[in-house]
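Student: I should like to take a close look at one part of this protein. Would you please choose a single helix and explain what lies in it and around it?

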Amino acid sequence: MSSADLFQEWLTSHSERTELALDALLDSAQTTPLRLHKAMRYAAQGGGKRIRPLLVFAAGQLGGDDSAAKQIALDSAAVAIECIHAYSLVHDDMPCMDDDDLRRGRPTVHKAYDDATALLVGDALQTRAFEVLTKAQCAADMRLAMISALAAASGSRGMAGGQAIDLESVGKKLDLAGLKQMHAMKTGALLSCAVQLGGIAAQLDAQQMANLQNYSQALGLAFQIVDDVLDATADSQTLGKTAGKDAINDKPTYVTLMGLDYAQKTAQELQETAIASLEGFGSKAQALKDLAFLVVNRGK
């Protein structure tokens, strides 16, 4: 079997694992209040690339045993970070923020339901993420480390702070350093956290975690640059969301600031940096390497 076939097999099995874990760890749509729980499932189970859970699983392969307890901890971490990501998308799409009607090829939550429900869906998915981690079947210090990492990546110095900078930057000119900071917080923080959660479950040492941090920082920036490129070059059907929104909203992007060629070249360079950071892990890091290729080459 070729390396491409092996990765596709890994990708399929771990994507299915993510969906099963989400189904098991989200409240049933028959739970009161029914409308809220149905909308939460609509938001969290409505497709998507599942990059963050996949990064959790890939980093989790780097060390530790293969015990059932470790696998359960990885499932909990994967669901928790996907709940945070889903909540961020629900709120980001609302009229008070990016005001979008389409997400993952379907109506956004505030369109499928209403604004108030969408607001509550985001709130409830965020708290569900931490509830899932508190119940993860692993050592207490591991649970605490995961909760701390996810809280830091989600808050005002992470994803939410990046969203704030993004909103404040509409119609303004950011320099390259400012753009990097915004994307490191808005997009990169959760991607880095996904890798960190897997590393915690794998019980990696400080140097190994530092190498993972280098990988995830490069990957996070590459992910956002490719998003900028696709927003400028792909259509809505391909993206599953409204194409050209950044230009419509006069938002600073790598494409508008530095040009399409520069953005594409930088994404490739960051991919190389990310993969080089994994050298010390050997063949155990193959899934992380393949995910870096997937991130940078998506849409091609």
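Tutor: The following account takes one helix as its centre and then turns to its surroundings.

The model is a predicted one, and the part chosen is helix α9, which covers residues 176-201. Let us begin with its length. Helix α9 has 26 residues, and at 1.5 Å a residue they should span 38 Å. The C-alpha atoms at its two ends are 35 Å apart, which agrees with that expectation. The helix has a kink of about 55°, centred on Gly 188. Just beyond the helix comes Gln 203, with a positive phi near 55°. As a general rule, most residues other than glycine have a negative phi.

How many residues of α9 are buried? The count is 20 of 26, so that the helix is mostly covered, where buried means a relative accessible area under 20%.

We may now ask what lies beside α9. One neighbour is helix α8, made of residues 159-168. Its buried residues are Met 159, Gly 161, Gly 162, Gln 163 and Asp 166. The elements that cover these buried residues include α4, α7 and α9.

Met 159 deserves particular attention. Met 159 belongs to α8, and it counts as buried because its relative accessibility is 3%, under the limit of 20%. Leaving out residues up to four places away in sequence, Met 159 touches Ile 84, Tyr 87, Ser 88, Ala 153, Ser 154, Met 185, Lys 186, Ala 189 and Leu 190. By contrast, Val 229 stands 70 residues from Met 159 along the chain, and the C-alpha atoms of these two are separated by 21 Å.

Ser 154, which appears among those contacts of Met 159, leads us to another helix. Ser 154 is placed in helix α7, residues 140-154. Is Ser 154 buried or exposed? Ser 154 is buried, because its relative accessible area is 5% and the limit is 20%. Apart from neighbours within four places in sequence, Ser 154 is in contact with Ile 84, Met 159, Ala 160 and Leu 190. Leu 190 is thus a contact of Ser 154 as well as of Met 159.

The next topic is the open space beside α9. The second largest pocket holds about 300 Å³ of space. Its lining consists of 15 residues, and those nearest its centre are Ala 184, Gly 188, Ser 192, Gln 213 and Gln 217. Gly 188 is therefore both a residue near the centre of this pocket and the residue on which the kink is centred. Which elements supply at least two residues each to this lining? They are α7, α9 and α10, the last of these being residues 206-233. Helix α9 gives the most, with 7 residues. By class, the lining comprises 9 nonpolar, 5 polar and 1 charged residues.

Enclosed spaces also occur in the structure. Rolling a probe the size of a water molecule over the atoms shows where empty space is left. There are 2 cavities of 30 Å³ or more. The largest cavity contains about 120 Å³ of space. Its lining includes Tyr 42, Ala 43, Ala 86, Leu 89 and Val 90. Two or more residues of this lining come from each of α2 (34-44), α4 (68-92) and β2 (106-107), and α4 gives the most, with 3 residues. The lining has 7 nonpolar, 1 polar and 4 charged residues. The second largest cavity has a volume of about 30 Å³ and is lined by Leu 26, Asp 27, His 37, Met 40 and Arg 41.

Finally, some features of the backbone may be set beside that of Gln 203. Arg 50 is not a glycine, yet its phi is positive, about 60°. Arg 50 lies in the loop between α2 and α3, and it is buried, with a relative accessible area of 3%. Asp 99 also has a positive phi, of about 55°, and is placed in the loop between α4 and β1. Asp 99 is partly exposed, with a relative accessible area of 39%. A further feature is the peptide bond from Thr 32 to Pro 33, which is cis, with omega near 0°. Pro 33 itself is found in the loop between α1 and α2.

Notes
Residues are numbered from 1 along each chain as its sequence is written. This is a predicted model: local features need pLDDT of at least 70, side-chain atom pairs count only at pLDDT 80 or more; totals for chains, interfaces and linings use all residues. Side-chain values use heavy atoms; hydrogens and water are left out. Helices (H or I, at least four residues) and strands (E, at least two) are DSSP runs, numbered from the N terminus. The expected span of a helix is 1.5 Å times one less than its number of residues. The bend at a residue is the angle between axes fitted to the seven residues ending there and the seven starting there. Buried means under 20% relative accessible area, exposed over 50%, partly exposed in between (1.4 Å probe, protein chains only). Contact means heavy atoms within 4.5 Å. On a 1 Å grid over the protein atoms alone, a cavity is a set of points where a 1.4 Å probe fits but cannot get out, and a pocket is an open set with protein on both sides within 12 Å along at least five of seven lines; lining residues have an atom within 4 Å of a point. Grid points are joined across faces, edges and corners, and a volume is the space filled by probe spheres set on the points. Ala, Val, Leu, Ile, Met, Phe, Trp, Tyr, Cys and Pro count as nonpolar, Asp, Glu, Lys and Arg as charged, and the others, Gly among them, as polar.
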